Structure formats: structure tokens, C-alpha cells
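Dear colleague,

I am handing over the structure below, and I would be glad if you read it alongside the notes that follow.

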Amino acid sequence: MIKNLLCLLSISTIVLLSSCGSDDTEDIINEILFDGETLVGENGIVVDLGDSEDHYEVTFAISDGDINYISSSGSFQFSTSADFYLLFGAASLGTDQFNTGTFQFRTVVDAVPDDNFFFSGSFKEGGSPAINVTEGTITISGSSPNYTLQFDLTLTGDKKLTGAFVGTFELE
């Protein structure tokens, strides 16, 4: 009787575990969709800016080619020969370390919220001038240096940028 009960429990457990797989989750694909075009990020860099009031700030940059961080007189710049780049700052609530989560866009003149936010977002593709993020959400998951960034952004001119970047970031 106990053998039958244990066998039944074992089979039930196997059926339960196999039916609770990743049926409900989508695999995140390393693709960014912009203006009807699919772009694939290859490189990322993250610069640790440290704590600022009650938030911890970092700057992210992704591109489809080499990307380099340049620090000059307190301003943060990136150089790249890539076809596209996306650059933004992110501030997580708390001052001990950068914490992942969902980040809403805020302009620099907005009051600092009691939540995560991102700021100073810009996107450049090909020979076109860079355009700015005007609203949207970025979800950041993983842990340094391996992050997944998921985008749902509106840019200048009501252009949409959606998708994700999955990768290992160079740390600065």
C-alpha cells in the first residue's frame, strides 16, 4: 500500500513539474524594432555613477558594433562606429547598489520620484541625427554584468522603439 502511494505521488510530481514548464513565458529575443526595421545589439557598456540623493545611478549604452566610454570634464560620452546606438541613464531607488526592475522615463527637470526611473535617453541610427526618448518604460533584469533590457519607448516624432537587448556588458 505504501509502495503504491509513493509511486502515485512520484508520478503526480513528475506530471505536475513537466506541465509547469515555460509554457507561459516567451523567450526574450535580442532584437530591437525601430521604424519598421529590426536591429540586433551586439555590445553593451554600463558606467557606474554611484549614489545620488536617494537613488543609485548607472548609464547604459548598447550598439551593433564597438562602443567605447569616454569621460571628459564630468560629462559622459560614448564613441562608436556602429550603425545604431541607444544610450540612457537609469536610477534605482536606494543608495547601496543598482537594483534591477521597471524604470519609467523622467525628464531631468521632473521631480525625483520615490521609484526607479530612467533619463536622458537618445537613439541614433545610420547617418541620421540622434533623437531623444520622450516617454516609455525599460525593464532591466539580471545582474551585473549580464543584463536583459526590454524596451517600450516613444522617441521624438512619435517614433516607436521596442524589443530587447540581452548580453554581457563591459563595466566602467
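Val 46 has Leu 171 in β12 as its bridge partner, and this belongs to the pairing of β3 with β12, two strands that run parallel and are joined by three bridges. Please keep in mind throughout that the model is a predicted one.

On the pairing of β3 with β4, the sense is antiparallel, and nine bridges hold strand β3 (residues 43-52) and β4 in register. Within this pairing, Asp 51 stands opposite Tyr 56 of β4, and the hairpin that the two strands form has two residues between them, with Glu 53 taking a positive phi near 60°.

Thr 59 also lies in strand β4, and because its relative accessibility is 9%, under the 20% limit, this residue counts as buried. Setting aside neighbours within four places in sequence, Thr 59 is in contact with Ile 45, Val 46, Val 47 and Leu 49, as well as with Phe 78, Leu 87, Phe 88 and Gly 89.

Turning to the nonpolar cores, the largest has 29 residues, among which Phe 60, Phe 88, Ile 140 and Phe 151 touch the most other members. The elements that contribute two or more residues to this core are β1 (32-34), β4 (55-63), β7 (84-93), β8, β9 (117-125), β10 (131-143), β11 (146-155) and β12 (159-171), and the largest share, five residues, is that of β11. If residues up to four places away in sequence are not counted, Ile 140 touches Phe 60, Phe 88, Ala 90, Phe 98, Thr 100, Gly 101, Phe 103, Tyr 147, Thr 148 and Leu 149. There is also a second, separate core of six residues, including Ile 45, Ala 61, Phe 78 and Leu 87.

The last residue I would point out is Gln 104, which is placed in strand β8 (residues 101-105) and which, because its relative accessibility is 34%, between the limits of 20% and 50%, counts as partly exposed. Apart from neighbours within four places in sequence, Gln 104 is in contact with Asn 116, Phe 117, Phe 118, Gly 136 and Thr 137. Of Gln 104 and Thr 137 one can add that they are 33 residues apart along the chain, while their C-alpha atoms are separated by 4.7 Å, and that a polar contact of 3.1 Å joins their side chains.

With kind regards

Terms used
Residues numbered from 1 in each chain as written. Predicted model: local features only at pLDDT ≥ 70, side-chain atom pairs only at ≥ 80, totals over all residues. Heavy atoms only, no water. Helix = DSSP H or I, 4+ residues; strand = E, 2+ residues; numbered from the N terminus. Buried < 20%, exposed > 50% of the residue type's maximum accessible area, 1.4 Å probe, protein only. Contact = heavy atoms within 4.5 Å. Polar contact = N/O pair within 3.5 Å; in protein donor to acceptor, adjacent residues only side chain to side chain. Core = buried A, V, L, I, M, F, W, Y, C linked by side-chain atoms within 4.5 Å. Pairing = 2+ DSSP bridges.
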